Amino acid sequence: MVASTNTAQQVKELAEEKYKYGFFTDIESETAPKGLNEDIVRFISAKKNEPEWLLKWRLKAFKYWLTMPEPRWSKVIHDPIDYQDAYYYSAPKSAADGPQSLDEIDPQLLETYEKLGIPLKEQERLSGVAVDAVFDSVSVATTFKAKLGEVGVIFCPISEALEVCPDLVKKYLGTVVPYTDNKHATLNSAVFTDGSFVYIPPGVRCPMELSTYFRINAANTGQFERTLIIADKGSYVSYLEGCTAPMRDEHQLHAAVVELITLDDAEIKYSTIQNWYPGDENGRGGIYNFVTKRGHCRGRNSKISWTQVETGAAITWKYPSCILQGDNSVGEFYSIAITNNYQQADTGTKMIHLGKNTTSRIISKGISAGRANQTYRGLVRISPKAEGARNFTQCDSLLIGDRCGAHTVPYIECKNKSAIVEHEATTSKISEDQLFYLRQRGIPPEEAVTLVVNGFCREVLQQLPMEFAVEAQKLVGISLEGSVG
Amino acid sequence: MLEIKNLHVSVEGKAILKGIDLSVQPGEIHAIMGPNGSGKSTLSHVIAGRDGYEITGGRIIYQGEDLTGLAPEIRAAKGIFLAFQYPVEIPGVANTTFLKEALNAIRRYHGEDELDAMQFVKMMREKAKELGIPEDMLKRAVNVGFSGGEKKRNEILQMAILNPRLAILDETDSGLDIDAMKIVAEGVNNMRAPERSTLIITHYQRLLDYIIPDKVHVLAHGRIQRSGGKELALELEEKGYAEFGEAAA
Amino acid sequence: MTTEPTQLQPFVESFDPARSGLPGAGLGWLKALRKTGIERFEALGLPTPKLEAWKYTRLKPLEDTRYQPVTDEDGMAALNTVPSLLPDPGGRPRLVFVNGWMRPNFWIVGDLPDGVHLESLHDVLETRPDWIRERLGTLAGEDDSSLVQLNTAMMDTGFVLRVEDGVRVETPIEVIFVGGLTAHPVAYSPRNLIVLGKGAEATVVRYHVGLGAGAYFANSVTEIDVGPGALFRNYKVQAEALEATHIDTVRARVARDATYESFSLSIGGRLSRNEVSVRLEGEGAHCALNGAYLMRGSEHCDNTTQIDHLVPHTTSREVFKGVLDDESRAVFVGRIVVHKDAQKTDGYQLCKTLLLSTGAEIDVKPELEIYADDVKCSHGATTGQMDETALFYLRSRGVPEALARNLLVQSFIGEVLEEISDEDVRRAITDQVVHWLPAACYLAEEWRAE
Ligand SMILES: Nc1ncnc2c1ncn2[C@@H]1O[C@H](COP(=O)(O)OP(=O)(O)O)[C@@H](O)[C@H]1O
Ligand SMILES: [Mg+2]
């Protein structure tokens, strides 16, 4: 197997040089004492000047968390997590008092984001995109706030939302992902720090893309952001998140919760480009990405669309889901997951059809290389009342090299005869014929692989907002460049 | 044969046909032409009794009888045949079996003896031969793996076997090359008879070069906008449907 | 968990490895095997939906019924005619069991060629104890499911088919299990063993049919060893009685260039579970695992299958189709595992279900687990109701509605019946499907009178 020897070699090179976000910013930070206990929960809440109800909620979650077992049904394998051996709060000293105006930001932070390709100076930004930059446990900047304010859109760190619009936060927080949901989500409920809050008022089409850039910088620190997006009646928003972290030998925990709510005729398009540090070629280090994302189509004719490009993290465990409650509501899940070396991903979605004529569409493209293992895990549930519901699922896996694994575990539960559910899945090797054809026309092997993989992922890439599609496409190429000789 | 009076039809609350009047005498061939989406297929489905259409006004009288409420199979037994614009694929049911079931059901309805397998196969082979349909197509599952043209020819074969009183051909010409179209036209012409009427639905006049209609109607906006002789088809070919406020597709 | 011991009690209490009626009661090794079985069963307990493998099926009847072992009287219940699946057995080999009891007076073993040995489990334990000792429990062993353990402990009936190298059996061998002819709930545990030598060929049709209204729990285990280049066809029709609980575990191993073909039709029984696993152990091995389930009333049918591709160049094909009416429920779990280095695997799986009624439910979990790259695997699953356009098409040609519905169900199921390679069996199974359908021809008569 000449190809696989080459593969191993090239994949190795790739891991060493391709993760260009692996640098560390030496910045003075304020950090909570190590470990996890009630005092830490109080510490975080106090840091954020939170109202009493929220502290109570956090403490309830923490108590409940202590009683919960680790989820064991997924295919991912890791040593038990030592929750006491990590910091749950870390913030650059310069940003300790919450986000300042853009002119006051620590130049070191500006430089960090510049290096990550996310200039925070508004005039340098892509003009159609507003950014909330989260650095470890705090938001350090949010751009275009004023401009968004003009149309009534609220886009700010969630801690700030507690001051600006506490009633909205109280009304919706934890209503899609309750604090009892699963071990990781419960931990998040207890210790969540920053994350973005978005509210789109009725009838407003958000004039620009909103995005949050998550950066883990400090060592031994977990990131537990919480994002809450509410699209009121007849509104629309497209939101994108990106994530990176320095290269480190130990694993770091990222346990986020994202809750989306759409009311009548509203739509949220949520895109993720996840490029956490994946660990080295021997599986050392890398982020544990344990994320709970769920959308609730509460209103009639509403729509939630998840698009994810998952290329990073040592372990990815996430199932962005849709509860389709409003009649005629639509849920979508478009996913590309690429795992290489010792990366593991167990990802997929749940589409819960409750309302009449609800529709869901799932397109999942998995690419596994090196010694990576990847699982698509999905649930399509048609409840007895979901008259006329419809689901289509297409789930394809591509294998590169003979040491990796690709698994498909869909659950289909149908309790309504008028529903139509269609599921298709395929697993195959990257096509030698296609590679040969391209090469015969003069295209070098690495580009040929990229071309083929990009073609394989096309349906999903097309879903990304234009501004990010190109970036994602490059990322797909980079993550696998040279993996077939 | 067929009297349609002020027929109004809606689908899912949307009005499609808004007062159709049409009268077809025995032995006549009528052509209904009109732009895409004008309601031609809707009209054919309603005559054949498909569910899901709401008749909000008017009546369809066939051989002196109001068809309202009759099941499609009863209408078929009474001699109404619809050649579908999109013939349906039915995997696992052989063409022969299907047609034999259909023919015998209709015969039973009229109190006639059923044909046994031998008689039926013999008749089917003859008709198939006339239409240039290869044997193996008869054995294959209904329309499965048939090309567009084969499907349309299969519809004409069914028509020839079921021997209807009123045949409705919904865009049977679309997707046919010139030779296939000639075969289809010949099939229709051969069936021309004093007691049989035919409704040809099309939006090209091409087929009408081979099947000469007695009358031509233009359907647009859910109404018959104009009626005339066969020269109307030629006029439409030249001018398109623009006159009726819609472009031909 | 606290309720479990009481659920197990009836089984454990009635366990006695030395029971005189049990086959091989005098064999020490078998006693030990049985003992291990009951201990493992006690340790594992009855499966509950908490286990992933039983997520959608609850063994309700076992929770609320006390089954007794079959008595002489039950086993000798009168049987006037043998309810054969295949028409006119003639010289066709046939075994008959009633309420789990062997009924040799109905057996026909006549026409088998030399080198084919078709015997009861009792007889083989007596005549060739060493031969069977080496084989029993090798495919359904100690680490298998709790219901296999229960069968190992309780096995009280069954047959053994042995086909020597190069011997081909042309006619299908029919094995009939008649149930339901008891006044009180009974449990029995058939254990079958099928061994095909190199290049051998055979076809077995198991017909599990319920005649009476009695409740019973049949817990069968069949171990099948298909030798190199051999061809084994394993057909089964499960037309159990209304109150039957039918658990059927099949463990098969397929050697180099051998083929294992199976078809399982489920059309009756309160609760049924067909749990099949096939291991493709030699290059060139192929398996076809097909089936259909037609359920009505409140029947529950679970088909759980696993195909393991263990070496390079093996292929599998799996097609299941189901039709669910009334409040019935079906489960299909199909797992294809391609092990490391099992390159050039070709695996295909399809499960389609038609829901005819609002109360019906289908749960499907097709699963691919793949550890080799040069493979071609796919699965598909659909659920939906009858195609209204097709229904209209048929009706517009004059076919009465009830008949049209039947035709469409037949059309839907027909596709999978095509997968049955033995023609006699295909015809017999097709007849079963047609009989399951509502009596449309009579409806057609009524319609004509109108
Ligand atoms: N089942 C349906 N539901 C909603 N609209 C329909 C349906 N069937 C037809 N229509 C609408 O009715 C109109 C007429 O359609 P059709 O009769 O197929 O036109 P034609 O055959 O002349 O092209 C179109 O606007 C079409 O979109
Ligand atoms: Mg049309």
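Reader: What makes Ile29(B) and Thr198(B) worth pointing out in β10(B)?

Author: Ile29(B) stands opposite Thr198(B) in β10(B). Before going on: this is a predicted model, where local features need pLDDT of at least 70, side-chain atom pairs count only at pLDDT 80 or more, and totals for chains, interfaces and linings use all residues. Residues are numbered from 1 along each chain as its sequence is written, chains are lettered from A and ligands numbered from 1 in the order in which they are written, and side-chain values use heavy atoms, leaving out hydrogens and water.

Reader: How do you know that β3 and β10 of chain B pair?

Author: Two strands pair if DSSP finds at least two bridges between them; strands themselves are DSSP runs of E, at least two residues, and helices are runs of H or I, at least four, numbered from the N terminus. Strand β3 (29-33) and strand β10 (197-202) of chain B have five bridges, in the parallel sense, so they pair.

Reader: Which strands are called edge strands in the sheet of chain B?

Author: The sheet is open, with six strands in the order β6-β9-β10-β3-β11-β12 (chain B) and mixed pairing. Its edge strands are β6 (80-83) and β12 (223-228) of chain B, as each pairs on one side only. From one strand to the next the twist averages 20°.

Reader: Why is Lys75(A) with Glu369(C) called a salt bridge?

Author: The term asks for a side-chain nitrogen of Lys or Arg within 4 Å of a carboxyl oxygen of Asp or Glu. In Lys75(A) and Glu369(C) the closest N and O atoms are 3.1 Å apart, so the pair qualifies. Between chain C and chain A the count is four salt bridges.

Reader: Which elements give two or more residues to the side of chain C that touches chain A?

Author: They are β20 (361-370) and β21 (376-384) of chain C. β20(C) gives the most, with 10 residues.

Reader: How many residues are in contact between chain C and chain A?

Author: With contact meaning heavy atoms within 4.5 Å, 36 residues of chain C meet 32 residues of chain A. The two chains bury about 2800 Å² between them, 48% of it on carbon and sulfur atoms; this is accessible area (1.4 Å probe) lost on putting the two parts together, summed over both.

Reader: And what makes β23 of chain A and β21(C) a pair?

Author: The same rule of at least two bridges: β23 (residues 420-429) of chain A and β21(C) have eight, in the antiparallel sense, so they pair. Within this pairing, Ala425(A) stands opposite His379(C) in β21(C).

Definitions and conventions:
Axes are lines fitted to C-alpha atoms, for helices over the stretch in contact, and angles run from 0 to 180 degrees between N-to-C directions.
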